[in-house]
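Here are my notes on this entry, point by point. Please read them with the structure open.

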Amino acid sequence: MPSYPYVLLSAAVSLDGYLDDTTPERLLLSSPADFDRVDEVRASVDAILIGAGTIRADNPRLLVNSAERRAARVAAGKPEYPLKITVSASGELDPTANFWHTGGEKIVCTTEKGAERLRRAPVAADVVALGAELQWRGLLEHLREVRGVERLMVEGGGTIHTQLLQQGLADELQLVLAPLFVGDPDAPRLFGPGGYQGGRLRLLEARRIEDVVLMRYEPTAPGTGVLPAAADRRWLALACELAAQCPPSATAFSVGAVVVAADGTELARGYSREGGDPVVHAEEAALAKIAPGDLRLATATVYSSLEPCTRRASRPVPCARLILEAGVRRVVTAWREPDTFVAGADGSGVLAGEGVDVLVLPEYEERAKAPNAHLPG
C-alpha cells in the first residue's frame, strides 16, 4: 500500500472566494500576524509545494523568514529551509524566478515531456519525471518514499487545491478569510470547476487573527474503491481507538468499528462486548444502531480494526455476512485475522469475493493489535 505525506492545504481568500484580483500587483489578503503564522507553519513542515502558475503570477521566494525558526529547524537536525517543490506538466518555467534562487533544496515534478524541455532549458532544481502524465498519488508517494517528506504544505494555486481535495488526498485545509470583496469574475478563485463534491468538512478550529479569520477543516468523506483517501486513515484510527474501550477477554479479540456515509457523516460506531453483551462483535454492534434499509448503507464504508469475521460460535451470522446483508460495498481494515481462535479466517477474501471493495491499511496494524496484546500468538 503506497504511503503519502500528511497534506496541508493553505490559502487566503476574499469574502467572495477569490485568491487574487486581476491587477498586476499581488492582492495581499492576510494580515501581518497571519503572515507570521504562515511562516510558523512553513517552519513545521518538511516541504512546501506550489504550482508553476503561482510562480509565474506571484514570483514567490517561499521561505521561512524567521531566523529563530530556521535555527530551531537546524537544531532539530532538519535543513534550514523546507524542500521547495513545484509541479509543471510542460516544464515551461522561468529560470530567473525567485523560487530557484532563494532557500534550500528545490525539485520540479513533471512529465517525461516536461523533463526533456528542462534538459534544454534547465532551472536550478532537481527534475523528477513521473511518467507520461502527472498523477498526484505517484507524486505524493515519491515525496514520502524517496524524499522522506512526512508533512507537506501546499500553497496553491486553486487548481492544485481542487485536485487534491477531489481525489481525497488532502488531510487538512487551513483557510484564511479576508474582510474584503474582489467582485471580478475573471479573478482566480480558490476552487476551480467542479469544486469539492466530497461532502461536508469538519471544522477543527476558528481563530481571529487581527482582521482576518483562520478556519481549519478536515475532510471526512471516505474514499471510493480500493484507493485510500486521507479520511480513511482518520476513520480507521478511530476504529482502533474504539478497540481500546473493549472489556478485555481471553477468548475473543478487542475490535472497534465505525460506519460512515459517503458524505462523511458518521452513521454508527461500536466495539466488542459493548453494553455488557459478552459476545457482541464490533461491526455487529455498529450496524445494529442503523435502521435496516437505510439508503446510505449502499455507499457507506465500514471501518474495522480487525477484518470482519467469517465464522463464529457465539452467534449464527458472522460479521462479514452482516455487512453483506446490510448492503455495504466498501470495508477498510487494519489487521488480517490471525489463527488465534479460527484457523484460516479470511474475512477480506470473503467480502471481496462478493464484490465488496476491501482496503487494508497495514500502517494501523500495531494500533489494532495493542488492545489484544494479552492474547496468545
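The points below cover cores, helices, cysteines and aromatic contacts in this predicted model.

1. Main core. The largest nonpolar core holds 29 residues. Leu49, Ile85, Leu140, Leu152 and Leu164 touch the most other members. Elements giving two or more residues to this core include the strands β1 (6–13), β2 (47–51), β3 (83–87) and β4 (106–110). The helices α6 (136–145) and α7 (158–166) are also among them.

2. Leucine 140. Take this core member as a local probe. Leaving out residues up to four places away in sequence, leucine 140 touches Ser3, Tyr4, Pro5, Val7, Leu152, Leu164 and Leu169.

3. Second core. A separate core has 26 residues. Ala237, Val260, Leu361 and Ala368 are included in it.

4. Helix α7. Its buried residues are Gly158, Ile160, His161, Thr162, Leu164 and Leu165. They pack against β1, β2, α6, β6 and β9 (212–219). Glycine 168 follows α7 and has a positive phi, near 70°.

5. Helix α8. This helix spans residues 230–243. From first C-alpha to last it reaches 21 Å, close to the expected 20 Å. Twelve of its 14 residues are buried, so α8 is mostly covered. Both Trp235 and Ala237 are among the buried ones, as are the charged-type names Asp232 and Arg233.

6. Cysteines. How many disulfides does the model contain? The count is zero. Cysteine 319 has its closest cysteine sulfur in cysteine 309, at 3.8 Å, which is too far for a bond. For cysteine 246 the closest cysteine sulfur is in cysteine 240, 11 Å away, again too far. Cysteine 319 is buried at 1% relative accessible area, and cysteine 246 is buried at 7%.

7. Aromatic pairs. The whole structure yields three. Phenylalanine 99 and tryptophan 100 sit edge-to-face, with 4.9 Å between centres and 85° between planes. Both count as buried: phenylalanine 99 at 0%, tryptophan 100 at 2%.

8. A long-range pair. Phenylalanine 253 and phenylalanine 341 are also edge-to-face, at 5.1 Å and 75°. Phenylalanine 253 lies in the loop between α8 and β10 (256–260), and phenylalanine 341 in the loop between β13 (330–333) and α11 (347–353), so the pair ties together parts 88 residues apart in sequence. Phenylalanine 253 is buried at 9%, whereas phenylalanine 341 is partly exposed at 35%. Trp335 joins these two in one aromatic cluster.

9. Charges over rings. Lysine 84 lies over the face of phenylalanine 99, 4.8 Å from the ring centre. Arginine 189 lies over the face of tyrosine 18, at 4.1 Å.

Terms used:
Residues are numbered from 1 along each chain as its sequence is written. This is a predicted model: local features need pLDDT of at least 70, side-chain atom pairs count only at pLDDT 80 or more; totals for chains, interfaces and linings use all residues. Side-chain values use heavy atoms; hydrogens and water are left out. A nonpolar core is a set of buried Ala, Val, Leu, Ile, Met, Phe, Trp, Tyr and Cys residues joined through side-chain atoms within 4.5 Å. Buried means under 20% relative accessible area, exposed over 50%, partly exposed in between (1.4 Å probe, protein chains only). Helices (H or I, at least four residues) and strands (E, at least two) are DSSP runs, numbered from the N terminus. Contact means heavy atoms within 4.5 Å. A disulfide is a pair of cysteine sulfur atoms within 2.5 Å. The expected span of a helix is 1.5 Å times one less than its number of residues. Rings of Phe, Tyr and Trp (its six-membered ring) pair if their centres lie within 6.5 Å; planes under 30 degrees apart count as stacked, over 60 as edge-to-face and the rest as tilted. A charge sits over a ring if NZ of Lys or CZ of Arg is within 6 Å of the ring centre and within 35 degrees of the ring normal.
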